[in-house]
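Take a moment to look over the sequence and the model below. Then follow the strands in the text, one step at a time.

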Amino acid sequence: TDGTLTGRWIDAFPGLFVPADGQVVEIQRRHPDGRWSVVAWDDDRYVEVHAVGPEASGYAWEVRWKPPTLPPGTYRLTLPARDLGNEGRFAPVPRTDVAVPATEC
């Protein structure tokens, strides 16, 4: 790897939420004892979130995290539910203690 962690997920269409209105995605790393801890959020300066295009029942999004150093380990993305005002709460994928499959780096 070039020190960049990349992940994709299905979420709301662009325009239904404003990323600056709240957390969209967080990146977690697994500790040797099995616990997960947050290492970056989408507001981190080393994190980029992009809309990719329509897919399945929503819209594909991609996150790229390129910190100064990326320690080897197991990482995952977690996606919190968000309130979209008139659209209600958006949770097209299970979001309670469920994450995009973990990736080894």
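**Strands and their core**

W9 stands opposite W61 in β5. Keep in mind that this is a predicted model. The pair belongs to a wider match: β1 and β5 run antiparallel, and seven bridges join them. In the sequence, β1 covers residues 5-11, while β5 covers 58-65.

Now turn to another partner of β5. Strand β4 spans residues 47-55. β4 pairs with β5 over eight bridges, again in the antiparallel sense. Here V47 stands opposite W65. So β5 pairs with β1 and with β4, as the bridges defined by DSSP show.

How many residues lie between the strands in the hairpin of β4 and β5? There are two. In this hairpin, A56 takes a positive phi near 50°.

How much of β5 is buried? Seven of its eight residues are, which leaves the strand mostly covered. β5 also matters to the count of the largest nonpolar core, giving four residues, the largest share. That core holds 15 residues. Other elements that give two or more residues to the core are β1 and β6, the latter at residues 74-78. Which members touch the most other members? They are W9, V25, I27 and W65.

Follow W65 a little further. Neighbours within four places in sequence are left aside here. Its contacts then include G3, T4 and L5. They also include I27, itself one of the core members that touch the most others. V47, which stands opposite W65, is in contact with W65 too. Further along the chain, W65 is in contact with L70 and Y75.

Next comes E55, in strand β4. Is E55 buried, exposed or in between? E55 counts as partly exposed because its relative accessibility is 41%. Beyond its neighbours within four places in sequence, E55 is in contact with I10 and A60. D11 is 44 residues away from E55 along the chain, yet their C-alpha atoms are separated by 9.3 Å.

End at T78, in strand β6. T78 counts as buried because its relative accessibility is 12%, and the cut-off for buried is under 20%. The side chain of T78 has a partner as well: a polar contact of 2.8 Å joins it to the side chain of E26.

Technical notes
Residues are numbered from 1 along each chain as its sequence is written. This is a predicted model: local features need pLDDT of at least 70, side-chain atom pairs count only at pLDDT 80 or more; totals for chains, interfaces and linings use all residues. Side-chain values use heavy atoms; hydrogens and water are left out. A nonpolar core is a set of buried Ala, Val, Leu, Ile, Met, Phe, Trp, Tyr and Cys residues joined through side-chain atoms within 4.5 Å. Buried means under 20% relative accessible area, exposed over 50%, partly exposed in between (1.4 Å probe, protein chains only). Contact means heavy atoms within 4.5 Å. A polar contact is a pair of N or O atoms within 3.5 Å; within protein, one must be able to donate a hydrogen and the other to accept it, and residues adjacent in sequence count only if both atoms are side-chain atoms.
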